[in-house]
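Q: Please take a close look at the enclosed spaces in this structure. What lines them, and what does the boundary between the chains look like?

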Amino acid sequence: MLEIDGIAAAYGNIEALRGVDLLVEEGGITCLLGPNGAGKTTLMMTIAGILKPRRGTISFLDRNITGMTPSGVVRRGIALVPENRLVFPDMNVHENLVAGAYLRLGKRKSQVQQDIDHVFERFPRLQERSKQMAGTLSGGEQQMLAVARALMARPKLLMMDEPSLGLAPLVVEEIFRIISDLNADGTTIFLVEQNAHMALQVADHFFLLEQGQVTFSGKPGQLSEHEVIQRAYLGKGPQRNQPAADQGRPDRTTLPSG
Amino acid sequence: MDWLDFFQSITDGLLFGSIYALIGIGFTLIFGVMHKINLAYGAASIAGAYVSIAVAAYVPLPALVTFLIAAIASGGIAFLIYLANFRFIPLASPLATLMATVGMLILIDEIVVHATDGMPQPYPALFADIYIEWGDFGLRGDLIFIFVLSLIAMVVLMFMLYRTRLGIATRAVAQQPVAAQLAGISLDRTNALTFVITGLLGGLAGAMIGASVGVLSPLLVVPITVKGLIVCVIGGLGSIPGAIIAGLAVGAFENFFLAFRGVTERDMYVMLLLFVFLVFRPGGIFSRSVARD
C-alpha cells in the first residue's frame, strides 16, 4: 500500500534518514521501532509531506506522492497522528474534529457532522467533553482526540507517531485496544512506537530503524522480544560500536526525537 | 478639572480608541498566526486611505464608499507586504522579516510623501455636523460613527474567525501549525489571507483616522504604528479581546491627558503607560490560558 524506497532526509547538514526502504501492507498493522534519534518521526513527517526528502521515492496505492504538499497527502488518504498529539489547545473538542475534516468543510457539511457522530460513538469520552477546550484534557483524552481528529480526514492509512508517549499503563492499553479496533474496521495502521512490548502484540509486521536505516524487517516472533527491546531502546545496531554506557545519554539535541 | 470634563474626555477617547483597537487587532492577528510582527501594517493602513482619496479625486464618491475603497486598497497592500516580506524571506530568522517590514514601512511612507509632495490631504468626514447634547455633555457624530463602524468590523471579524472555514484554518495555524498542515490546511494560503484580512481592517482604520482628524498626513504613520504596538502589549500579543479592550483604554487614556495636560504632553504619558505594562504586566491585561499535558 505504502512503498518507501531509498528515502533520505536531512536537517541542514545532519542526515536523519539515510536511505530507508520500507513497505506497509494494506489491511495490517505495521510497526516501526527504534531508539530515540533514529529518524522515526522524521520518516513520518516526510511521508506526511511536512518535510521534503532529499532522495528516494514514496508511493501510495501505486501513485508517486514524493514531495507532495501535506494537503495533497491527506487527500490521497494518509493521515498522521503526530508525536505529542498536537491538539489545537484553544479550540474545543468539537472544533478540533471539524478542523480535522478541513478539506471537506464547505462542500460536505452534513457528511462531516455524520463523521463526528461516528467518531463520538467510538470515543464516548470525547462526546462528554465536546465543549471542553482541548488544552484542558488529560494526556489520554488528548491522544484520543488526536486519533479522532485524524480519522475525520477519512484515511485509508492511519499513521501514528508514539501514541503511548507519556501515558499511564492503563491508558496505553486503551489506546492499543483502539488501534486494534480501528484496524479490524478496515483502516491500515502504520505505527511508530517506543513501547516495543505493546507494539509487538498488535503488529502484523515490524521494522527496526537505527541511525536512519532499516536494520530489520520481519514478523513478531522472528526476533526475540528481548533483542527487539534492546535494539529499540538502545540502538545496538550493527554500525554502532560505542560502549554501551555511552548510549543511555539524554537524546535531546536539535533533532526531534524518534 | 471637573467631573463633566473628565467624563467628556474619557468618552471621546473611548470612541476614538476603537480605531486603535482595530490597528491593534491587525498586529495581534498577524502575530497570533505567524508569530511575526508586521511593522509596515500602520503604513499600509494609512496608504490605503490615501488610495481612496486618490480615487475619490477622479470620481465623486459617497464617503462610505471611500471608506470601502480604503479597506480594499489596504488589503491589497497587505497582500503585497506578505509576498515581499514574508513569503520569500526565511521565516526561521526572526530579524529578517522584522527588518524587511521596517524597510517596507519606510518605503510606503516615502511613496506617500512623493505622491503628495508631503502636503496633508483633506479627508471627507462623516456625520461631522451631528452633535448630540445632554446639557454640557455631548457626543460628536463622527466619533459615534467611527465607534459603530469599528464595532461592526469586529463583529464581522469574530464571525469570520469562529464561524467559517477560513476561521478554522486561521485559528488552527495560530495554535498548532504542524497539526494544521496535517489536517490539510495550507500555511501559505492561510498566512496570506490573514494578511489580507488585517489589511481590510487597517484600511478601514486609516480612513476613519483621516475622517476624524480631517486630513491625511504621512506624519500619522509612526504614531499609529507605535500605538498599535502598545495596544498589542497591553492587550497581550495574540489576544483579540485584549486588543479591543486595550485599544479603547489607550484611546481614553491619551484623550484624558490631551484634555488636561495638552497635546504636546499627551504621547509622553502613553509611552510611560507602555513601560508600566511591560514591567508589571508583560503578558497583557489578560494572560492567555496555558495548555496542560
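A: A cavity, as the word is used here, is a set of grid points where a 1.4 Å probe fits but cannot get out. The model under discussion is predicted. It holds 2 cavities of 30 Å³ or more.

The largest cavity contains about 90 Å³ of space. Chain A contributes to its lining A:Ala79, A:Leu80, A:Val81, A:Pro82, A:Gly100, A:Ala146, A:Arg149, A:Ala150 and A:Ala153, while chain B contributes B:Ala179, B:Leu182 and B:Ala183. Three elements give two or more residues each to this lining: strand E6 (78-81) and helix H6 (139-151) of chain A, and helix H7 (177-182) of chain B. By class, the lining of the largest cavity consists of 10 nonpolar residues, 1 polar and 1 charged. The charged residue is A:Arg149, and the polar one is A:Gly100, since glycine is counted as polar in this scheme.

The second largest cavity has a volume of about 40 Å³. Its lining is made up of A:Ala48, A:Pro70, A:Val73, A:Val74, A:Ile78, A:Ala79, A:Leu80 and A:Met159, together with B:Leu182. Helix H2 (70-76) and strand E6, both of chain A, each supply at least two of these residues. The lining of the second largest cavity has 9 nonpolar residues, with no polar and no charged ones. A:Ala79, A:Leu80 and B:Leu182 appear in the lining of the largest cavity and also in that of the second largest.

Residues of chain B thus take part in both linings, and the account now turns to the interface of the two chains. There, 22 residues of chain B are in contact with 30 residues of chain A. Between them the chains bury about 2,300 Å², of which 58% is on carbon and sulfur atoms.

Across this interface 1 salt bridge is found. It joins the side chains of A:Glu95 and B:Arg171, with an N to O distance of 3.0 Å. The interface also has 5 residue pairs in polar contact, counted where both residues are at pLDDT 80 or more. On the side of chain B that touches chain A, helix H6 (165-175) and helix H7 of chain B each supply at least two residues. The largest share of that side, 6 residues, comes from helix H6 of chain B. Sorted by class, the side of chain B that touches chain A has 11 nonpolar, 5 polar and 6 charged residues.

Over all chains, the structure holds 16 salt bridges. One of them lies within chain A, where the side chains of A:Arg55 and A:Glu15 meet at 3.9 Å, N to O. This pair links distant parts of the chain, 40 residues apart: A:Arg55 belongs to strand E4 (residues 55-60) and A:Glu15 to strand E2 (residues 14-24), both of chain A.

Technical notes:
Residues are numbered from 1 along each chain as its sequence is written. Chains are lettered from A and ligands numbered from 1 in the order in which they are written. This is a predicted model: local features need pLDDT of at least 70, side-chain atom pairs count only at pLDDT 80 or more; totals for chains, interfaces and linings use all residues. Side-chain values use heavy atoms; hydrogens and water are left out. On a 1 Å grid over the protein atoms alone, a cavity is a set of points where a 1.4 Å probe fits but cannot get out, and a pocket is an open set with protein on both sides within 12 Å along at least five of seven lines; lining residues have an atom within 4 Å of a point. Grid points are joined across faces, edges and corners, and a volume is the space filled by probe spheres set on the points. Helices (H or I, at least four residues) and strands (E, at least two) are DSSP runs, numbered from the N terminus. Contact means heavy atoms within 4.5 Å. Buried area is the accessible area (1.4 Å probe) that two parts lose on being put together, summed over both. A salt bridge is a side-chain nitrogen of Lys or Arg within 4 Å of a carboxyl oxygen of Asp or Glu. A polar contact is a pair of N or O atoms within 3.5 Å; within protein, one must be able to donate a hydrogen and the other to accept it, and residues adjacent in sequence count only if both atoms are side-chain atoms.
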